Amino acid sequence: MKKKALSVLSIFALTGSLLAGCGSSTPQTSAPAPAAGNNSGTEAQALLEDTLVVAGNGATVEKMMKDEVFKKFNEKYPNVKLTYVSGVSTDIVAKVKAQKNAPQIDLTIIEGGEQEKGRQEGLWEAVSATDIPNMKNVPEDLRVTEDSGVVVNFTPMGISYNADLVKEKGLPVPKSWNDLAKPEVKGYITMTDVASNFGRSAMIMLAYANGGSEKNMEQGFKQMETIAGYMPTFAKSAAQLQQNLQNKSAAYTTWTMARSLTQKEAGVPLEFIFPEEGGNIVPNVATLVKGSKSPKAAKAFVDFLLTDEIQTMYATKLYYNPATSVKLPDDVAKTLEFDRTKVVNFDYSVVSKETSAWLDRFNKEIAPKTGK
């Protein structure tokens, strides 16, 4: 098992949709806060453009952005009209690519794997601490390739299980990625296919757990073939995984700690483990769209996301690990702990190159074995 320290390539977990997939794609605008009595904000605003279109994940992320972050940003920059476009990272990158000649989105906040794909497409502007001073607080090991964006938070991938169902049925508490392929798990697991980050990352980690890697995926495919036989179907979305765990049609899944903790807070008796072989992490990266009509406002917004206030908000409200070393409340800091020495660095040049072939092979060899 190859273990590496946290680094930018490692954190580019192939994404599927962390908390995305639940939001509408309809742009929604936040009304600016009143400017009265805010001279410093007015002066700062004078340097920025009047509008800013931000695209990011839906569901809880969208709610926090629109209900809290936008309002606080407008307290400082009262005349910037903010619009939020929600969607899954894959769709956001596709939309930015389609608008390449006439960008309508100024800033994206998307998972690292999709950000990397966008970088390879030449969709992002490089950023620096000159324009975004709080970038200096993001450690070097979270630095994004070619400074094509800034990590604003991250969360580890692992295994979640319904503790009540596991206890009720006498099922094993998972410790290893290989536990997902044990016969006792049959009939109690739900996963997405490898088109999603959750399923794809799990397959890569199943390869790592058996001596392989993203450069040698044979063991990953072999274990996924076994797991396919344990499920009636692969889930199509994170929402379906959530439903399967809630209604106890499944006891185990693979997704992020942030999602697991969010569901636990909502009342689902979930526990999350970072497997003994380690795992990748999923970063959320803020990226400035090349050709944006509001580059100054976009940079100011990214800088704002890296303030202690918003970094703490990410941790306390969404259970994302902050990108900076902000001091968190003790209970939250303890909740977000995991063994960072076991973070596995995926080679994203390989992952990006091979994903299409993996998906073709999965559809031909693994999907037909589902439920058999």
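Q: Before I read any neighbour list, what does contact mean here?
A: Contact means heavy atoms within 4.5 Å. In this predicted model, Q311 is a good place to apply that reading: leaving aside neighbours within four places in sequence, Q311 is in contact with V152, L305, L306, P322, A323, T324 and V326. Q311 itself lies in helix α12, which covers residues 308–318, and the C-alpha atoms of Q311 and S325, 14 residues apart along the chain, are separated by 9.1 Å.

Q: Is Q311 buried or exposed?
A: The general idea is to compare the relative accessible area with a cut-off, buried being under 20%. Q311 is buried because its relative accessible area is 0%.

Q: How much of the model can I read with confidence, and where is pLDDT below 50?
A: One begins with the chain average and then looks for stretches that depart from it. The protein chain averages a pLDDT of 88, and 88% of the residues score at least 70. Over residues 1–26, however, the pLDDT is below 50, although this stretch has 120 contacts in the model beyond near neighbours in sequence. Residues 33–41 also stay under 50 in pLDDT, and for them the model has 12 contacts beyond four places in sequence.

Q: What does the overall architecture look like in terms of helices, strands and burial?
A: Counts of elements give the outline, and burial and contact statistics fill it in. The protein chain has 14 helices and 10 strands, and of its 372 residues 58% count as buried. Among contacts between residues at least 6 apart in sequence, 79% join residues at least 24 apart. The chain exposes about 15000 Å², of which carbon and sulfur atoms supply 49%.

Q: How many residues of helix α11 are buried, and which are they?
A: The general background is that an α-helix has 3.6 residues a turn, so residues three or four places apart point the same way. In this structure, helix α11, residues 295–305, is mostly covered, with 9 of its 11 residues buried. The buried residues are A297, A298, K299, A300, F301, V302, D303, F304 and L305, a list that includes the charged side chains of K299 and D303.

Q: What surrounds F304 in that helix?
A: F304 is found in helix α11 and counts as buried because its relative accessibility is 9%. Leaving aside neighbours within four places in sequence, F304 is in contact with V69, K72, F73 and I310. For a separation along the chain, take F304 and P133, which are 171 residues apart in sequence and 9.7 Å apart in space, C-alpha to C-alpha.

Q: Where does T51 lie, and which residues is it in contact with?
A: T51 lies in strand β2, residues 51–56, and is partly exposed, with a relative accessible area of 41%. Beyond four places in sequence, T51 is in contact with V80, K81, D106, S294 and A297. A297 is also one of the buried residues of α11, and the C-alpha atoms of T51 and A297, 246 residues apart along the chain, are separated by 7.6 Å.

Q: How should I read a residue in a strand, such as S160 in β6?
A: One asks about burial and then about neighbours. S160, in strand β6, is buried, with a relative accessible area of 0%. Leaving aside neighbours within four places in sequence, S160 is in contact with A251, Y252, T253, W255, S260, E271 and F272, while its C-alpha atom and that of L261, 101 residues along the chain, are separated by 9.4 Å.

Q: Which residues that are not glycine have a positive phi?
A: Most residues other than glycine have a negative phi. Here D147 has a positive phi of about 50°, and K248 has one of about 65°. D147 is in the loop between β5 (124–125) and β6 (150–162) and counts as buried at 18% relative accessibility. K248 is in the loop between α9 (238–246) and β7 (252–256) and is partly exposed, with a relative accessible area of 37%.

Q: What lines the largest cavity?
A: A cavity is read through its volume and then its lining. The count comes to 1 cavity of 30 Å³ or more, and about 70 Å³ of space lies in the largest cavity. The lining residues are G56, N57, V61, M65, Y84, I109, N153, N284, Y314 and Y320, and they divide into 6 nonpolar, 4 polar and no charged.

Conventions
Residues numbered from 1 in each chain as written. Predicted model: local features only at pLDDT ≥ 70, side-chain atom pairs only at ≥ 80, totals over all residues. Heavy atoms only, no water. pLDDT = per-residue confidence, 0-100. 1 Å grid on protein atoms, 1.4 Å probe; cavity = no way out; pocket = protein on both sides within 12 Å on 5 of 7 lines; lining within 4 Å. Points joined across faces, edges and corners; volume = space filled by probe spheres on them. Helix = DSSP H or I, 4+ residues; strand = E, 2+ residues; numbered from the N terminus. Buried < 20%, exposed > 50% of the residue type's maximum accessible area, 1.4 Å probe, protein only. Areas by Shrake-Rupley, 256 points an atom, 1.4 Å probe, with all protein chains shown as cover.
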